[in-house]
Amino acid sequence: MIRIVIAEDQEMLLAAMGSLLNLEDDMEVVGQASNGEEALFLTQRLKPDVCIMDIEMPEKSGLEAAEALKSSGCKIIILTTFARSGYFERALNADVRGYLLKDGPSEELACSIRSIMAGKRIYSPELMDDAHNGEVQKINIQERASAEINRQRTKFGTVRNYFSTIWDKMKLPAG
């Protein structure tokens, strides 16, 4: 079971990500934080395998938290809505394993988590600085292909989980 902490300052997005990842058979969201300080506390206390963080949060940014957690053994994934100059360099220096756009499909996030747990690094090309784009692009193409294969394998299981959840909610009380 992949244990996950999520840090996101938008409550609705935090709850939605947590619910979607908990539907995966091999994932469990063990903690949710609304800022970078809480993310640090929960990650140090709960020792998750992965911490998914928004890049811009109150009290401590996702990058600042990632820098503080660099040697913790927890794999860090940063989510953001847009690229900012210098952020990719900081993410690389903080040993961030995933640097992804928030607007991707939820199954892509689940597949990325699995690939990162398998030792891969996944960086959205749209977020890379031009200076690093070429060197990381080669690695990313292979990892994205691997993530796509994993996504196709788990797509059926994910759909089955969604239907199962919906079916359970629709059942009439026995009587």
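# Close-up views of a predicted α/β model

**View 1. Tyrosine 99 in E5 is the bridge partner of isoleucine 78.** The two strands involved are E4 (residues 75-80) and E5 (residues 98-101). They pair in the parallel sense over four bridges. Pairing here requires at least two bridges between two strands in DSSP. Helices (H or I, at least four residues) and strands (E, at least two) are DSSP runs, numbered from the N terminus. Between E4 and E5 the chain passes through helix H4 (residues 87-93), and this β-α-β crossover is right-handed. Right-handed means that, with the strands pointing away from the viewer, the path from the first strand over the helix to the second runs clockwise.

Residues are numbered from 1 along each chain as its sequence is written. This is a predicted model, in which local features need pLDDT of at least 70, side-chain atom pairs count only at pLDDT 80 or more, and totals for chains, interfaces and linings use all residues; side-chain values use heavy atoms, with hydrogens and water left out.

**View 2. E5 also pairs with strand E6 (residues 122-123).** The two run parallel and are joined by two bridges. Glycine 98 faces isoleucine 122 of E6. Helix H5 (residues 106-117) links this pair. Here the β-α-β unit of E5, H5 and E6 is left-handed.

**View 3. Phenylalanine 88 sits in helix H4.** Its relative accessibility is 0%, so phenylalanine 88 counts as buried. The classes are buried (under 20% relative accessible area), exposed (over 50%) and partly exposed (in between), computed with a 1.4 Å probe on protein chains only. Tyrosine 123 lies 35 residues away from phenylalanine 88 along the chain, yet their C-alpha atoms are separated by 9.0 Å.

**View 4. The sheet is open and has six strands.** The order is E2-E1-E3-E4-E5-E6, with parallel pairing. Strand E2 (27-33) and E6 are the edges; each has a single partner strand, so one side of each has no neighbour in the sheet.

**View 5. Strand E1 (2-7) pairs with E2 and with E3.** Towards E2 there are six bridges in the parallel sense. Valine 5 stands opposite glycine 31 on that side. Towards E3 there are four bridges, also parallel. There, alanine 7 has methionine 53 as its bridge partner. E1 is mostly covered, with five of its six residues buried. E1, helix H1 and E2 form a right-handed β-α-β unit.

**View 6. Strand E3 (residues 50-54) meets E4 in parallel over five bridges.** Isoleucine 52 stands opposite isoleucine 77 of E4. H5 packs on the sheet, touching E1, E2, E3, E4, E5 and E6. Its direction makes about 150 degrees with that of E4. Touching is judged by contact, meaning heavy atoms within 4.5 Å. Axes are lines fitted to C-alpha atoms, for helices over the stretch in contact, and angles run from 0 to 180 degrees between N-to-C directions.

**View 7. Helix H1 (residues 11-22) lies across four strands, E1, E2, E3 and E4.** H1 runs at about 165 degrees to E2.

**View 8. Two loop residues, glutamate 59 and aspartate 95, have a positive phi.** Most residues other than glycine have a negative phi. Glutamate 59 has a phi of about 70 degrees. Its loop lies between E3 and helix H3 (62-68). At a relative accessible area of 63%, glutamate 59 is exposed. Aspartate 95 has a phi near 60 degrees. Its loop connects H4 and E5. At 22% relative accessibility, aspartate 95 is partly exposed.

**View 9. The whole chain holds six helices and six strands.** From the N terminus, the elements run β-α-β-α-β-α-β-α-β-α-β-α. Of the 175 residues, 43% are buried. Among contacts between residues at least 6 apart in sequence, 63% join residues at least 24 apart. The accessible surface comes to about 9,400 Å², and 54% of it belongs to carbon and sulfur atoms. Areas come from the Shrake-Rupley method with a 1.4 Å probe; for residues, only the protein chains shown count as cover.

**View 10. Residues 131-135 have pLDDT below 50.** pLDDT is the predictor's confidence in each residue, from 0 to 100. The mean over the protein is 81, and 73% of its residues reach 70 or more. Beyond near neighbours in sequence, the stretch 131-135 has four contacts in the model. Where pLDDT is low, the predicted coordinates should not be read in detail.
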